[in-house]
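This report looks at helix packing, backbone geometry and internal empty space in one model. The structure is shown first, and the description follows.

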Amino acid sequence: MFGSRFTQRTARAAAGKARFLSSMARSATKTTVLVASAATASAGVAYFLYKYQYDTHAASAGGKAALDPQAFKPFKLSKIIDVNHNSKIFRFDLEDPEQVLGMPVASAILVRAPGEDGKPVVRPYTPLAGDDKGHMDLLVKRYEAGKMSKHIHELKIGDSLEVKGPLPKIQYAPNKWKKIGMIAGGTGLTPMLQVAHEILKNPADKTEVSFVFANIAEEDILLRKQLDEMAKKHSNFKVHYVLEKPPKGWNGSTGYVTEDIIKTHMPAPSSDSIVFVCGPPPMVKAISGPKAPDFTQGEVDGILKKLNYTKEQVFKF
């Protein structure tokens, strides 16, 4: 499902999402000065309620919130960690070593960079954690056709990246579900890690997590050592790998994420369980159906629909 036959469809989907995010960025820079409408007042109340929740989360994590939900802020690159042949972790320092992003789990951010045509390029990314003191880590895979991924990979130590957020995705609370299934491909593992870290750092959280991680080849498995260590250390975290092009002697699954793999490794449809899905658009379409054109969740489709999962039991990042 990551093969070349999906390249054009993936590119079209990415372009559509880029246009949507670009319009978000343009609208975010406009300020209405003369007319105060009821909608504006309502949005203002929503902002302050969310800002309160965000600041409260930051305080509970032991720091001051570094991000601004309404404005892009620059953060300096301080470290680059090689992960594999095309992916790296980029560490950006926050303004104060005592600050944290303070992102409610699960949340993403928007990053902005200058475009070749003078228009800004805006993309969403999910930090690996929301409460690391003094810094933010982004796992970024380089795509030759990806304007933002190329920009980030070309940054040098001391360069800055403009960041805005957080963008709330789904609100997690300890023991909210008895079981969470996670299906991801490539860098789609980042929101999964954010949730998993939140669960595993809390001994009182007994949520069982089952993670199916699909990639093309073994060298494409991002942060495999970390995932294996998490599974070894925590009895409530399990990971299963799927490779399209496995090496000889491979003991994981081969091919794509199938109905049988989901039946074996994911929690069955239930009111006290949920399945998270994140990955390339063709993979998401095959497993859960795509999001709606306006990037809301849309209907459940694909394999999960066939297995009788409902909208309440599936979340697409």
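Is the crossing of α4 and α5 left-handed or right-handed? In this predicted model, the crossing of these two helices, α4 and α5, is left-handed. Helix α4 covers residues 189-200 and helix α5 covers residues 224-233, and the two pack at an angle of about 30° with their axes 12 Å apart. Because of that angle, α4 counts as roughly parallel to α5, given that angles under 35 degrees are placed in that class. On the α4 side the contact is made by Leu-189, Leu-193, Ala-196, His-197 and Leu-200, while α5 contributes Gln-226, Leu-227 and Met-230. Sorted by class, this contact has 6 nonpolar and 2 polar residues, and no charged residues take part in it.

Turning to the backbone, two cis peptide bonds can be set side by side.

| Peptide bond | Omega |
|---|---|
| Val-105 to Ala-106, cis | near 5° |
| Gly-165 to Pro-166, cis | about 5° |

As for where these bonds lie in the fold, Ala-106 is found in the loop between β2 (87-93) and β3 (107-113), whereas Pro-166 has its place in strand β6, which spans residues 160-168. A further backbone feature concerns Asn-175, which has a positive phi of about 60° although this residue is not a glycine. Asn-175 is placed in the loop between β6 and β7, the latter strand being residues 179-185.

The remaining topic is enclosed space. How many cavities of 30 Å³ or more does the structure hold? The structure holds 1 cavity that meets this limit, and the volume of the largest cavity is about 30 Å³. Its lining is formed by Asn-84, Asn-86, Ser-87, Lys-141, Gly-186, Asn-215, Asp-220 and Leu-222. By class, the lining of the largest cavity comprises 5 polar, 2 charged and 1 nonpolar residues; Gly is counted among the polar residues here.

Methods:
Residues numbered from 1 in each chain as written. Predicted model: local features only at pLDDT ≥ 70, side-chain atom pairs only at ≥ 80, totals over all residues. Heavy atoms only, no water. 1 Å grid on protein atoms, 1.4 Å probe; cavity = no way out; pocket = protein on both sides within 12 Å on 5 of 7 lines; lining within 4 Å. Points joined across faces, edges and corners; volume = space filled by probe spheres on them. Axes fitted to C-alpha atoms, helices over the stretch in contact; angles between N-to-C directions. Helix = DSSP H or I, 4+ residues; strand = E, 2+ residues; numbered from the N terminus. Parallel < 35°, antiparallel > 145°, perpendicular 65-115°, else oblique. Left-handed = near helix turned anticlockwise from the far one by under 90°. Contact = heavy atoms within 4.5 Å.
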